[in-house]
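Me: Please pick one part of this structure and take me through it closely. Then show me how the rest fits around it, in plain words.

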Amino acid sequence: MSEQKPKRKVSVLSGKGGTGKTFVSVNLFAVMTDALYVDTDIEEPNGFFYFDIEDAESEDVTIFVPKLNEKKCDGTQACVNACKFNAMAFIDDELMIFDDLCHSCGACIYACPNDALSKKYISVGEIKETRNNPRIMWGEMKPGKESGVPIVERLNEKIKTSGESLAIVDSPPGIGCAVIEAMRDTDYAILVAEPSLFGLHNMKMTIKLLDYLDVSYGILINKYTDEDNPVSDYAKQEKLPVIAKIPYDRTIAKMNAQGIIVADVDKKIRQIFVDLSETIREELTL
Ligand code: SF4
Ligand code: SF4
């Protein structure tokens, strides 16, 4: 199948969980009617809770791990030496393969002189996708799995072939491998920060990542207050772009906790997200 024209991708990220990434993503999605919402927080996807979903389809995500044919194995341990991820060991003359540590690189299979290793496919999670409005996708990692990166990779592939011209990607928290994969091909990032010293620390870490990935961004300050606001002060001092401020308001927090998309019911908040969507369209020249 030929690949459609490249999508514009906006990623919403923050240095830690609980900052309001999903709140920002779903409210922005609510005012951008032509977008696709993609929740890549594969360990704890919760964006779909905001929507009435009846038609989500599932797709299994698999990776390969090596499978041993004991009859062909002579114990040379070339495979163990080839594995850079400590996913293999010889214990009591027996080759042990630790599926959860395997990165599916295939080096062991290539290194084995006796063709004693082949590929075995195991499930690491699944992708869910709605076909009709609202158009959303999310990934879910199976409990106990070490890495959700293959699930995020698959979500990225699906974004490329989706029909929408814009994807709003709700990134995993932190700055680890899954976040870096979620940021792949990102055209613009919204960095969500909370106005506290912890928030400032996390924002600085995330800025380092964005600079490293060479992705342009704007800062959205969630739970904004004029008093004692180290994030705002730092942004001013460093001349960083603050593109939106969501005021601190218990009513907003309460509605959000109830799974209500606040932009659908509160005019002031809706206007903030409409303004944000226009800023993004300008950044993306949409
Ligand atoms: S496929 Fe790669 S990571 Fe997995 S066990 Fe083999 S060498 Fe190690
Ligand atoms: S390299 Fe092949 S033959 Fe040697 S120990 Fe590993 S699986 Fe067995």
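Reply: Let's start with residue classes: Ala, Val, Leu, Ile, Met, Phe, Trp, Tyr, Cys and Pro count as nonpolar, Asp, Glu, Lys and Arg as charged, and the others, Gly among them, as polar. With that, look around ligand 1: its shell has 11 nonpolar residues, 3 polar ones and no charged ones.

Before going on, remember that this is a predicted model, where local features need pLDDT of at least 70, side-chain atom pairs count only at pLDDT 80 or more, and totals for chains, interfaces and linings use all residues. Residues are numbered from 1 along each chain as its sequence is written, while chains are lettered from A and ligands numbered from 1 in the order in which they are written.

Back to ligand 1. It is surrounded by 14 residues (each with its C-beta atom, placed from the backbone, within 6 Å). The closest of those residues are C83, A87, C102, C105 and C108. Two elements, β3 (57–68) and α3 (107–111), give two or more residues to this shell. Those labels are DSSP runs numbered from the N terminus: helices are H or I with at least four residues, strands E with at least two.

Ligand 2 makes a handy comparison. It has 14 residues around it too, and C73, T76, A78, C79 and C112 come nearest. By class, the shell of ligand 2 holds 9 nonpolar, 4 polar and 1 charged. So you can put the two mixes side by side: no charged residue around ligand 1, and 1 around ligand 2.

Now zoom in on A82, which sits in helix α2 (residues 78–82). Skip its neighbours within four places in sequence, and you find A82 in contact (C-beta atoms, placed from the backbone, within 7 Å) with A107, C108 and A111. One of these, C108, is also among the residues closest to ligand 1. Is A82 buried or exposed? Neither: it has 16 C-beta neighbours inside 10 Å, so it counts as partly exposed. The scale is 20 or more other C-beta atoms within 10 Å for buried, 12 or fewer for exposed, and partly exposed in between, with C-beta atoms placed from the backbone.

Move along to N86, in the loop between α2 and β4 (88–91). Because N86 has 10 C-beta neighbours inside 10 Å, it counts as exposed. Its backbone has a quirk: a positive phi of about 55°, although N86 is not a glycine. D93 does something along those lines, with a positive phi of about 60° and no glycine there either. You'll find D93 in the loop between β4 and β5 (94–97), and with 6 C-beta neighbours inside 10 Å it counts as exposed. Most residues other than glycine have a negative phi, and most peptide bonds are trans. There is a peptide bond to check here as well: the one joining N133 and P134 is cis, with omega at about -10°. P134 lies in the loop between β6 (117–129) and β7 (136–141).

Time to step back. An automatic or database assignment splits the protein chain into domain 1 (8–56 + 130–284) and domain 2 (62–122). Their centres, taken over C-alpha atoms, are 39 Å apart. For another sense of distance, take A82 and E282: they are 200 residues apart in sequence and 49 Å apart in space, C-alpha to C-alpha. The whole C-alpha trace spans about 70 × 40 × 35 Å along its principal axes, and the chain has 9 helices and 11 strands. Of its 286 residues, 38% count as buried.

For contrast with those exposed loop residues, go to α1. There, 11 of the 11 residues are buried, so α1 is largely enclosed by the rest of the structure. Among them are F23, V26 and F29. Helix α1 (residues 21–31) comes within 9 Å of helix α9 (residues 267–284), axis to axis, and the two cross at roughly 80°. (Axes are lines fitted to C-alpha atoms, for helices over the stretch in contact, and angles run from 0 to 180 degrees between N-to-C directions.) From α1, N27, L28 and V31 make the contact, and from α9 it is R270, F273, V274, L276 and S277. That gives 5 nonpolar, 2 polar and 1 charged.

Conventions
Contact = placed C-beta atoms within 7 Å.
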